[in-house]
Structures are given as C-alpha cells and as structure tokens.
Amino acid sequence: MATNPQQNLYSQLEHLQSKYVGTGHPDISRHDWCTNMARDSIATYLGHASLVDLFASVEGESRGRIRYHLLEKLHSPYGESKERVLSKKERLTQL
Amino acid sequence: MFLYNLTLQRPSAIYFAVHGSFSAPRAIELVLGRQTSLELMRPDDQGHLKSLCFQEIYGIIRSLKAFRLTGAKRDYLLVGSDSGKITVLVFNPSTYCFERVHIETFGKSGCRRIVPGEYLATDPKGRACMIGAIEKQKFVYVFNRDASENLTISSPLEAHKSSFICYGIIGLDVGFENPIFAALERAYDPPQSPKSLVFYELDLGLNHVVRKLSTPVEDDAYKILPVPGSRDGPGGVIVCSMQHIRYKSLQSNLPDHICPIPLRKDISQVRGNFIVSCALHRQKGLFFYLLCTELGDVFKLEMECTNNQTTEEETCVLKEMRIRYLDSLPCPANDMCILRNGFLFVASEYGNHGFYQFRSLGREQDFCCVAVVESKDTKEPVYFSIHENLENLLLIEEIESLSPLNCWQIGDFYREGSPQLIIGSGRRHRSAWKTLRLGYRWTEMAVSDLPGYPVGVFTVREQQQDTWDSYIIVSFVNASLILSVGETVEEVSDSGFSTNVSTIFVQLFSNNSIVQVHSQGIRHIRPDIQTVHEWKPPQDLQIQAADGNASQLVVVLSSKQLLYFELDETGMLTEIQEVELTKEESSAYLPCVSIAPLVSGQSKASFVAVSDGVSYYARLYSLKRESCLKPISLQALDTVASSLLLIWLNASTFSKSQLVLLIGSHSGIYIRALVDPITGALSEQQSRLVGTKPVVLQRIEIQGKPVALIVSSRSYFMYLDNQLLLQTLPISYERMFDHVVGFCSEQCPDGVIACCGSSLCILSFEEDRDLFQSSHLFYSDTQNGLYTPRRLIDMEDASSSSLTNDTTNHLKCLLTLEADQRIQVASLLSQDGKAPWTASEEEQRRGAGGYPIGSAGSWSCAMEEMNIGENSLKCALHNTESKEYISSICCIRFSNDADSSLYLCVGVVINYALQVTNPWESSPAKDNMPSDSIIFPRSEVRVYRWLNTSDSKKWEYLHTTVVQEAANPSMMEWSNYYGASHLSFHVASRYRNEIITAMASFQGRLLVAVGTSLRMYDLGKKQLLKKTQHPRATPYKITSIETCYDRIFLSDVQESVFLYRYSAADNLFLCIADDYLPKWCTSMCLLDYDTVAVGDKFGNISILRLPPEAGTLIEQDPTGGLWSKEAPHHFQLEACFYVGSVISCVSKVEWTTGDVPLLFYATLDGAIGVMIPLRSTLDMELFPSLELQMREYRPPLCGRHHLAYRSYFFPVRHVIDGDLCEEFYRLDLEQQEKIVKELDRSIIDVHRKLEDYRERIRYPYLPV
C-alpha cells in the first residue's frame, strides 16, 4: 500500500483547493493570486464592521453603500482576467 | 514593560439591534450588538432606555438574530461571530447575563471569506436557521425541543455552492410548511453572471436542504426582505435595488410589483437612494416596513392584500404596494427596531442613537408613491421634498454616540486640575467637537442666598409613604431655618420644628413622627397624637453629633457619652443604653456618628460607627440586644475622623448588597471598609486622598439606588454599578460644598441641596445617560463643527519658550481641521471665512437636509480656531475651490525667523481624488486607464503668520510653496515599454498618492511628508526653502511624524514605523531602524527617546522600542550610518494588544500629577481605553496568572478563544486584559475562591489590586 509521497501530497493539495477556496498552487497566475488575495482582504473588511466604518468615514458615503461596493468588488477585484499576464515561464518560452 | 488595559468608555457605535422578550415573557426588550459586545436594554414606563446587562464577548459580532420556538414565550438570541461557531444564547434573569445554550463549531475562526457567520436568517416559526458566508458556504441548523422543553440543535446541513457571492439571506414566512430561505447571490465564475434570488428549501422530513429555485433579479439589487405570509400577508420577497423595490411572490403565476424609491430633489437617478436598513412591524391584521435610506429618510412601505378564497385554502394576494415618506432622521440608521409598544429604536450610523415614538403612521398629505405591475414602464424617477422637522415621529430619548471618533487632544486645557479630552466626532453636517470630562455633572436648579453661614442642611419627608421631601431645614450656629417644599420653597413657622436652636440631625421615624436633634436636646414631634416630646441632656452638656434611621437614634454628648434610643411599641423614643467613648473631655474636633439605614425586612440596624473626635480611631459598636453598645471592631486613621457613613450598596440588578463603612478624615483622606453584616468585622480597607478639605460623607438616593457622596475640595460619587464594580467618580460643579444632603422633589427627583458658603444650591444630575453604567465614565460638552473632523492640534504646542510670557490671560487655542469629500459648500462660505452661518442657517444645516452632494473630487475643508476660554469655534481658513483639499496643518516657530512669531503651515492638495471602494468609479487600477487621462494631484504648503495685535488677531497669508508638482504622465511610459502594462496602475497610483500627508516642526524647521518622501523646509521671504530631503523614507506613504531631539519617527500607511536621524553635519536623514512586522498605522505617539506607541487600522496597539544597544551603536558609529542602505537596526516589540476596532488615536497623558504617564487610546467606533503600566513585579506575577484563570473560568461567550482573540493579528505581548480580569467580581464566591487558591492570594487581595488600577484615573491625587 505504499503510495508515492509526491502523489499523496498532490492529492492532499487538491483536496485543500476544493475545500478551501483561495488555496494557491505552484502554477498560479499573477492575476489569480492577486484576485484571491483581494477577495480575502475584502471579506475581512466586510467582517469587521469598524473597517467598513473607516472606509465610509473617509469616503463620505454610508456604511450600507460601502458594504455594497465591497461585495460587488468581490467579483473581479483585480480587473478582468482577459488581460491575464503571461507567467514568467511562458514569457521565457515565447522569447 | 507590562501594561494593564482598561476600557473607560465603551464603543458607542451600534451595528445590530434586535427586539424580543429575552428576560421574561411579554417583556419588551432590545439587544444591541456592538462590534465586540452585547447589551440588553429595556424601555421603562417613561420611555427611557435602561441597560440591564452588558457583556463583552471577546470576539467580533457579525450578525445577530432573535428567534422563538413555536409556542414559547421567550426569545433566544442567535449570534454569528468570528469564532467559526454558531451560538445560541438565552438571557438568565437570575444572574442578569446571557448564557450559552448551544455552541456548534462549523469552521475556522476569523472573519474569512468562506466561513459562515456574516449572514444569519431564521425561520419565522423558529424551526431552523441558516448561517451563511460571503462566499460559497451556507449551513442550515434545525431547532427542536427535547422532552423537557429544552432547545436542541441539529447537526449542520450543507447548502454550499462554490464561486457564489452572497448578498443576504432571509427566512421566508411559509407558515408550517417546509422552511424556505432566500438568498441574493451572484456567481463570479463565469464573470458577468446575472444576480439571482435563490430559494433553499429545508425538507424537514428528509432532513436535507435543496436549492429549489433561482430567479434572476436586477443587477444592482442589494437587499432582500421577507414578507409576512400564511394568514397575515401575501408572503414572498421584497428585493431592493438602486432605483426601485420589487415584490416577488412565491407563486410563479403572479406578476411582480415594482415601486420606485423616491429621490430627494438634488440626487441623481443614477446614484439612486440606497436603503441601508429596514424594520418590520407585524401585528394581527397589519404589517408594514420602515425603510431608512442613506440620507436618513424614512419611508413606510405599506402592502394592501386581498383574500382569495378560490381554492380550499384561504390565500392572501398583494393588491397594492405603496411607499410613503414619513420623516427624515438626522443620520442614516445602521439598524432599526419597531417595538411592540409603538416605539422605534434607531441605531444611527454616525450620530446619537434615537428612541422615537410614532405620532402617526403617515398622514394623507405625506408624499406617497404607488407600485405598478411589472409590465408598465417604471424607469421614471420620482422626487419628493423632505420634512424640515420630524412630523410623524417624536424623539423621546437620545443615546449619545462618539462614533466616529477621528481625532483628539488630551490635556488640562481649561485649567481645572484634571485633564479633559477634546474629541472630534460625528460626520459631515452632524459633526461635533466634544469636551469629555471624567465623572458626572450637576446642573443648578436654583440658588438662593442665606442670611448667614449654615452649619448643616437636612431634608425630611412628612410621611414614610411620601415620594417627595416636605421640609428643608437649614441649620445655623444658633438658629434653624425651616423651609417647606411645595410648588415653591417657602419659609414656614408652623412645622413643629424648633427654630431658635442649631439643628444637628432630622429624621422621620417609621410611625411618621419626626425627630429634630439640636444641641440642647431631642425634639420628638408626633403628629399622630399631636404632641411634642422634648428630651434634655443633663445639665451643662450639649449634643454634639447624632444619627438615626427609621427606628433608631444615637446621639453623642459633649461629655463624650454615646446614647442609644429606640422607638418602642407606643411610638415613644426610649433610651436603651449609654456608653462612654473616651475619658478625655475636650478636643478640637467634634465627634461623629453613623448608623446603617434599614434595608427591607430589617427592623433594626445592627451597627453604629462612632468617632469621639479625640483619638485617631473609628469604632464600630453593636446595637444588638444581647451585646448592646459593645465595641466590635476598630479602624485606625491617620488623623481624627471628620465624618462617618455606614451604607448598604447594591447593584440594581442584583439583590446582593454590601454594607460599607466610609470614614472621612480631617486631612482629606477617606477610608473605605467592608463590614461583615453578621459579625461586624471590617475588611478590604482602602484609603484615598480625595481633596484638601475635611471630608464630608453623605448618603443619597439616585434613581432609587443608594449612593455615597464624598465631599471635600472635590466631590465624588460612589456606587456599585450593574457589573458589581464599586465605582467612584468625580462630580463637577463650579463651587466647593460645605454640606450636602439628598433632595427629592417633583421638579428635581434625583437632586441634592448643597451649602456653598452662604448660599444654598439645589442641584440635579444630568440625566442624559444611565448613571450606573460601568465603563461609561465621561460626560460631554458639544460644539458643532462644519465638516467631518480630521485633525486637532494644540496651537501652543510650538510655543516652546519665547513668546508666551502672558500665559495668564492668554486664551488657550486649539486648531481643528475638518474635511469632507463630495459636498458642495465651499462656494457658499464667505471669502474671509468669518461667520459663515447665521443661526437659522446653522439649524437648517444640522437638520435632516445636510449639505448638497457633490462629485467625487470635490472637497470642502475648513480650519477652525477653538478658543477654550470663550468656548467658541471660529472658522479661520477654508478652501475656496472645491478641488483643493487641506490635508494637514502645523503650527511652528521657525528658528531663522528673527521675531520668532507663530506660523501656520497648511498643506493643500489640488486635484486629489481618493481611491474609492466603488468598483464602477473609474480608477486606473481597474480599467488600465491610459495614463494621460489620469489627473495627478499637486501639493503645496501655504504659510500664514499669526498677527497678534491689539485690534486684530488673525492669520496673515505670507506665501505658497509648491512641494510636489503634478506627476507627468510621461513618467509612466517606462512601464509600458517594459511590456507590463498591468504595472502602470501601480505606478499611477503611486503618483496619485504623492501628496502632502503630514507636517511637523523639527528643530525650528518644517518637516513635510509628501507620499513616501520626507523633506525639510526653512522659512524664506518668497517661499519655503527646501533644505534636504529623503526621497523614499518609507515604502508606501507617511501617515504621521513624531520628533524627539535629532530623531524622527515616521509611520507608514502599511509598513509600520521608521526611525530616522537628522545628521546636521551631512544635512541628511539617516535611517536608523525599522520594524520587522507590517502595521497599517493610523496614529502614533512618542513615549520616550527610543519608544513609540502605534495604533493601526486593524485594531492593534503596539509599543516599539529601539534596543538599548542600538542606541549606543548609533552614537558610536563613525560613519553615522551614512553608508548603510537598509535600516541597520530593528525595533523591538515591547507590547502588543488587539483592541477590536480601528484605532484612531493614541496619546501619552500625564493624567495624575506626579504619577507615571498613561497611554490613552480611542477607537473609531467611540471607545476610549487606557493602558496603565504595571507597578511592581508582584503585579506582573499576579495579573498574568489571574488572566489565565479568568480565561478558564469565564471563557468568551461566543466561543472565541480569548488569547487567540487578543492575538488577532499579532501575538499579544505584555498586556493584561483588565476588562477580563474585572469579570472576577461577577464570578460566584466559590469560583473566586478556587482562583485565589491557584494564585496563592486572598480574594481581598485580588479585589484590591483590581480596584487599584481601576481607580488610577479617577483621582487627581496619587494613592496614599
């Protein structure tokens, strides 16, 4: 029953990725990584009411509207992925 | 360094409010959810809100709901917190706190993206609840009852759907059919998916959840509300979107009803009117919603239904939906609750919370708009005009809110002997500058002059059952003035009291007879048999002191004999016993005596406390029959006692009372001791210096609760608060008192009468807050500001030495900076900025209307002068163009200025637009905008000189210096060339942020922080002269500057603190130290040459210190650190603590003269706390272990681990959580004993230690 440790690790990682949204992988693109980070941050802002307070107080908007903005921003916090930038490796191969 | 953290003022921002019956069936109560705490409130008969319980949960509250099982009488509270657990709480009326019923773990702790807790919804019949996360996860729990009527909770049922963002969850009213939950969701994968309303059905039979149906809704929908169903209403969902609200029925064959949300006249349709909160009122045959918009307008949503009886079942169908304008509140509401008794509670966003009563539920003449059925064109906007004043609502009570607390200054600005806090709070047109003082304030009801100097004052009721006092007796050296209290206060002669003697004591007995003790005897007035009995002391002896209660009386004669009288069955006063106090005959001081008042169920008090006026002792004698007038215990004093008081203190919510002996001495010290109610043994002695005059103690009653007044050169108010903490707080009044007595009349139910010199004052407590709330220690004075306060500086800060010779008559002045985006008033102000508003305009401005809304880049800023002596705010400067943003101000005396006059430097940014959260607002980050279309800001410093001539005191404009030119778009070309166009927004946003952020005076020169660079300027004739600069002093953006000799501490917006040294020889800034950890600094204060305290955006307070060896290395370094590229040293983290919300200010304050300075901090949501350095190594051993034990015995209510909570972002270090330690008092005796056993201390020891730190800021004197 000896399994390849590499394989085992891989399946574990896959499990993590499906269970916890936002878990990275070695070949993650810059855009995906940034999007994940931004989504995680925005979720934290939404969770801490006083951070929403801070944004509202700085921007001069109501808390409700800031919350709505943040929720809408979750969809593509880092712009559309169409303009996905080539990873370093891809760029090298192109050259 | 060890610090002890205590919350002084609780956060005032309320984010959640739910109503229900928590303590008893049919009780009308509110639970208020703040960021980290829960509070239960109940309105009393007069409509005042009273707090029943306050609980810190040591976790973040993210959602709150109440639910009730079918047929049950009381509500449970459901809390979604950051603990990764679902918590069901129930209120325990015997201990007066919330207790956990169920706590079920479902995920990781913290406010994460996919861990539920953000949204909560319950089934209206209390059968199930759904708890959801922002993304993906939703759990459904089923509630049930076991055989013994206890609530049971099922294991979670999953309703996950990955890559879906959730906007809200509600529980639909479906009667007793399977519970249905509705969620507003949108998928982010694939992008641009439509927003949809998704129904989840919980199949109770099969015990699983199905995603039943998904219907598309408007893309800008943001809120959903359930509509009452079954018999009361049509059921279904209301979906709020930017322009309109839509009713969606559960029956698919019925059309939607759409109603536009009315707009104020000056709001564009694109912006819409955003509904921030809503409340549902539901009773038999009637239901309606109140919707509150972001401008504070309240609409009533009415739904008219018809009953269809076509099928077997009776169904309700919506006939008409109307939206009716009710009133405009001053601030938008975070949450609203309509109580069953017709009150409306509004938890305001940034302003005082209001408790309103309905005058009417919308009148005919109020604006009304009717919904139409889907098919018609509904795009036409509808406008309404607002009510200037409340017309349908009536404000009953306000709860003061300090949120958002943006800036402060602490110091003794008013020269009162103890510091005041001047804070800037509120927002936009409702902004305010408040002066906070510790303690309570008395307001003068009446003052009258007396013919002489009184030696005592007494009040007495005519009969035991009377509510109000009938007589006021003012005693002079050889006469007494009898005043009768009625409509007015008048002198009377037919009262039965003797007027030609000096009264010592007056008491109403239980049989409604009154005794007047005077120096010549005791006069017992018995109205029941219309006689007056006189008791005379033996020849040549006088009565010197007396005290009594409803059935007992003790007097002390000049022969130092103590005589004890009791009221016998016939209603006669009979002498029971006498005892000689001392052999010494004469003394300089009068004796004093106190007897405990009767508590309910008691016929006689057991103890009397006596001081003979000679010895340095106070004695306690027994009054029990078997051991009458036997001495029991003894308290040594530093000098002769001036006043004694025995008092039963109790917390209103607990039956537990403590008998306390207070002893005031002639040296101004008071001693407090607990008296064992059985044996009379004294324990827990505490002493305090309270003033410079002999202490006078008095027992009064406030709001039906016993309170001890401690009067010396300052007065204090001592009581047991609802948290069982003994609180002592100063009372402020201009004059010093000689004698005080409690007074209760119709006009002034909780008052006192005080003698100040030869005048008599009737004073009353200001009833603007719950007096017995702990952690609510300040009272405030308010001055209205123009815009949102941003900064407050002390104008005299820069006046180091030279010009302030005339400090005595110099008015203390503070400068305020107020700024707001998106309002258009700059053009309305007059050019010179003087008196910009008339009084009526002021009213209008602060009313519901507010300022007209402007575009994103338009600013309104003002600098106002706050003259402390005059209590006035005067607008000194304001921006004349709306694209100018005043970002910082600084007062400075330039060293190269021969006159050394005071200069004001104002940092102005032109064309500055904040990067906002709005995803649609064009920002380079999102759109990869071509860089030439971005407008870059330009920064300049304007210099003004203070003209202090006899005829004018004003700022005179000198010159303007451009410190940062607007960036040239071509500077960003390189990034495109590099082939990384995605990087261009990084560069662009960097240049967008290259604005002036902070200024400071440093060695007679001006330090200016522009984005990441630090520059130094000197005063020139035409402009400021740049002396040196560091182009990249911190990585992102400098937020504040602190200087100390040659050192400069810079805090970065993201990367913590950097320490620079100015080398005068090289004219360079040299980096000495930085921090290992990132910190998003909001405020910083200098503690000493090596140390700073930093508060950050995420709620951490950290103390950073340069290691001592680094200090010496810097001094010895021959190169002076010139050649090191990076910081050669790193700060050590001395202390770190998570507070729970954004820290807005930290300050080091010398609170008590001669004491070590304390670290005060404030959070954005209005909390004020203090960090006190621990005094001794013994404390450093005691408190950590006490904290450890408390964590075990009182784990946080919602399941967060206390240590993990306080280490939210960084591990907690060297800070003791005093709030948790103080909960020691709330443990029962058994648990307390267990803890002290572990600590190897006594309970008294622990109490004393806790009190020591709590009382640290209460007194202006050091502890004795």
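In the predicted model, B:Ser480 belongs to strand E41 of chain B, which spans residues 480-485. With a relative accessibility of 7%, B:Ser480 counts as buried, because the limit for this class is under 20%. Leaving aside residues up to four places away in sequence, B:Ser480 touches nine residues of chain B, listed here in full: B:Ile473, B:Val474, B:Ser475, B:Ser498, B:Thr499, B:Val501, B:Ser502, B:Thr503 and B:Gln516. With B:Thr503 there is a polar contact between the two side chains, at 2.5 Å. The C-alpha atom of B:Ser480 is separated by 68 Å from that of B:Ile1048, a residue 568 positions away along the chain.

Over all chains, the model contains 60 salt bridges. One of them joins B:Glu185 to B:Lys138, with the closest N and O atoms 2.4 Å apart. These residues lie 47 positions apart, B:Glu185 in strand E16 (residues 180-187) and B:Lys138 in strand E12 (residues 138-145) of chain B, and the pair thereby links distant parts of the chain. B:Glu185 is buried, at 0% relative accessible area, and B:Lys138 is buried as well, at 2%.

A salt bridge also forms between B:Arg322 and B:Glu304, where the closest N and O atoms are 3.2 Å apart. Strand E27 (residues 315-328) holds B:Arg322 and strand E26 (residues 297-308) holds B:Glu304, 18 residues apart. B:Arg322 is buried, with a relative accessible area of 16%, whereas B:Glu304 is partly exposed at 30%. Both residues take part in a network of salt bridges that also includes B:Lys300, B:Glu302, B:Lys319, B:Glu320 and B:Arg324.

In a further pair, B:Lys693 and B:Asp738, the closest N and O atoms of the salt bridge are 3.4 Å apart. B:Lys693 lies in the loop between strands E58 and E59 and B:Asp738 in the loop between strands E62 and E63 of chain B, so the salt bridge ties together parts 45 residues apart in sequence. B:Lys693 is partly exposed, at 23%, and so is B:Asp738, at 29%.

Chain A and chain B bury about 4800 Å² between them, 55% of it on carbon and sulfur atoms. On the side of chain A, the most area is lost by A:Arg65, A:Tyr68 and A:His75, together 14% of what that side buries. The contact involves 47 residues of chain A and 66 residues of chain B. Six salt bridges connect the two chains, including one between A:Glu72 and B:Arg186 at 2.8 Å. Helix H4 of chain A gives eleven residues, the largest share of the side that touches chain B.

Technical notes. Residues numbered from 1 in each chain as written. Chains lettered and ligands numbered in written order. Predicted model: local features only at pLDDT ≥ 70, side-chain atom pairs only at ≥ 80, totals over all residues. Heavy atoms only, no water. Contact = heavy atoms within 4.5 Å. Buried area = accessible area lost by both parts, 1.4 Å probe. Salt bridge = Lys/Arg side-chain N within 4 Å of Asp/Glu carboxyl O. Helix = DSSP H or I, 4+ residues; strand = E, 2+ residues; numbered from the N terminus. Buried < 20%, exposed > 50% of the residue type's maximum accessible area, 1.4 Å probe, protein only. Polar contact = N/O pair within 3.5 Å; in protein donor to acceptor, adjacent residues only side chain to side chain.
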